[in-house]
Amino acid sequence: MNVSFVDLKQQYLHIKKEIDAAIASVIDKMALIGGSNNSFVTQFENEFAAYLGIKHVMSCANGTDSLEILLKAFGIGPGDEVIVPALSWISTSESVSNIGATPVFVDVTDHNLLLDPELIEAEITPRTKAIIPVHLYGCMAPMNDIMALAKKHKLYVIEDCAQAHGATYHGKKAGTIGHAASFSFYPGKNLGAFGDAGCMATNDDHIAEKARMIANHGQAGKHNHRMEGRNSRLDGIQAAILSVKLKYLDEGNRQRKQLAKLYHDLLLPATNIQLLSVPENTEHVYHLYVVRFKERKSVQEHLQTRGIQTAIHYPTALPYLEAYQALKRKEYPIAKKACAEILSLPMYPGLSEEEVRYTCTAIHEILK
Ligand SMILES: *Cc1c(COP(=O)(O)O)cnc(C)c1O
C-alpha cells in the first residue's frame, strides 16, 4: 500500500465543481488583483473575520509578509528584540530580522514542543517589544501565561497561526487572544489556497488600518501615500478559492482530529515512541501529526520501504541553522534533542483509517 503524506488533489476533487465555478467567476469579472475594490477579496476577509469572531481581517500575499507587516504596524524595528520559539518554520524569526529587529530564541517544552513560558522572562530586556508564540503543528501555545507576561512587561503578542486555523484555547480561537495574529494560506495548511496567500487579524482599529496601508504601498486611498509601504496583496482567484475552502475547514479539522485519535490509540502501547501531549482545554487541529522516536532514522526508512511517506518538521531547530550562527549565544537543548527525534506521519482530511492502521502496524513492526 502507498500512503501519501498529504494529498491536495484528493481534497480538490472532493469540491471540484465549487472551486472551478469560483475561479471562473473571478476571471469572468476580471477581479484579479486584491484591494478594497475587489469583491472576492473583501468577501473572504469578512467571512474569515466572522469565522474567527474578530473585528478585522486584512489579507496579504503570504504568511511571512503578514508577520513582517504586523511587526511594522506595531512600530517595531531596528534596535528592538522579539521573542520567538526555538522550534518553528524560519518565517517566524526571519520576519523579525527582515524588519531590522533581532529575534531572541526561547526553548520549547519537552512534552509538546511549544514555546516554554517559564523560560521567557529570563530573555526579556529593555529592548524586548513583542512575543511571537507559534501554535505549532495545530496546537495552541500556552496563551494565558504568555499574555500575563506580556501584560507585566508591556509587550505585544503576535500569534503565528500558520498551522492552527480553527484551533482553540479555553474556547477562544487561534488568532483572537494576542494583540494581532498572522495566518498563512499556503496550499498545504489546514486552510490552503491554490498558491501563496495570507492574512492578518486583530481587534485593534489602529493596527488594522496601519497594516492595511503597509500592505498596499502606504496608501490610505488611491494615490494618498501616507508613508512608504510595500506590495503584498491577496489576489481575487485565491480569495474566491479560500471562500469555498473555508466552508470545509471545520469538517477537515474534525477528520484530522479523528485520525489523530486513531494514531494515538494505536501507538500508545508501543515502547520507544514518545507521543506529544495536548494541554487541557486545547482543541488541537493537527496540521501535522508528530511523534518522537529515539531511532527515527530506522523508523523512517522502514516506513519508506512499506510505501509510507513521512516528513520532519523541522530537522534543525532555528538557532542551529547556519543563518543564525552569528546570533546564537546559548544552547536550546529541548528543541535540539526534539529535532533529532520528531517524525511527521501522514495527516490530511481524506486519509483513510485503513492507511493510519497500516502505518501504525509498520511502526510496531520496526519497534519490536
Ligand atoms: C507556513 C508557515 C509560515 C509562513 O507562511 P507562508 O505563507 O509560507 O509565508 C509562518 N509560520 C509558520 C509556523 C508556518 O508554518
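Colleague: How many residues surround the ligand?
Modeller: In this predicted model, the residues closest to the ligand are Gly 63, Thr 64, Gln 163, Ser 184 and Lys 189. By class, the shell comprises three nonpolar, eight polar and two charged residues. The number of residues that surround the ligand is 13.

Colleague: Which residue has a polar side-chain atom 2.5 Å from an oxygen atom of the ligand?
Modeller: With a polar contact taken as a pair of N or O atoms within 3.5 Å, a polar backbone atom of Gly 63 qualifies, at 2.7 Å from an oxygen atom of the ligand. A polar side-chain atom of Lys 189 likewise lies 2.7 Å from a ligand oxygen atom. The residue whose polar side-chain atom is 2.5 Å from a ligand oxygen is Thr 64.

Colleague: What percentage of the area that the ligand exposes when taken alone does the protein bury?
Modeller: Besides the contact that Lys 189 makes through a polar side-chain atom at 2.7 Å from a ligand oxygen, there is the question of cover. Taken alone, the ligand exposes 380 Å², and of that area the protein buries 92%.

Colleague: What volume of space lies in the second largest pocket?
Modeller: This pocket is the one in which the ligand sits, and its lining has 13 nonpolar, 11 polar and four charged residues. The space in the second largest pocket is about 550 Å³.

Colleague: Which peptide bond is cis, with omega near 15°?
Modeller: Among the residues closest to the centre of the second largest pocket is Tyr 314, which lies in the loop between α10 (296-305) and α11 (333-339). Most peptide bonds are trans. The cis bond, with omega near 15°, runs from His 313 to Tyr 314.

Colleague: Which residue has a positive phi of about 55° although it is not a glycine?
Modeller: Most residues other than glycine have a negative phi. The residue with the positive value is placed in the loop between α6 (143-153) and β5 (156-160). With a phi of about 55°, that residue is Lys 154.

Conventions
Residues are numbered from 1 along each chain as its sequence is written. This is a predicted model: local features need pLDDT of at least 70, side-chain atom pairs count only at pLDDT 80 or more; totals for chains, interfaces and linings use all residues. Side-chain values use heavy atoms; hydrogens and water are left out. A residue is near a molecule or strand if one of its heavy atoms lies within 4 Å of it. A polar contact is a pair of N or O atoms within 3.5 Å; within protein, one must be able to donate a hydrogen and the other to accept it, and residues adjacent in sequence count only if both atoms are side-chain atoms. Accessible areas come from the Shrake-Rupley method with a 1.4 Å probe; for residues, only the protein chains shown count as cover. On a 1 Å grid over the protein atoms alone, a cavity is a set of points where a 1.4 Å probe fits but cannot get out, and a pocket is an open set with protein on both sides within 12 Å along at least five of seven lines; lining residues have an atom within 4 Å of a point. A molecule sits in a cavity or pocket if more than half of its atoms lie within 2 Å of its grid points. Ala, Val, Leu, Ile, Met, Phe, Trp, Tyr, Cys and Pro count as nonpolar, Asp, Glu, Lys and Arg as charged, and the others, Gly among them, as polar. Grid points are joined across faces, edges and corners, and a volume is the space filled by probe spheres set on the points. Helices (H or I, at least four residues) and strands (E, at least two) are DSSP runs, numbered from the N terminus.
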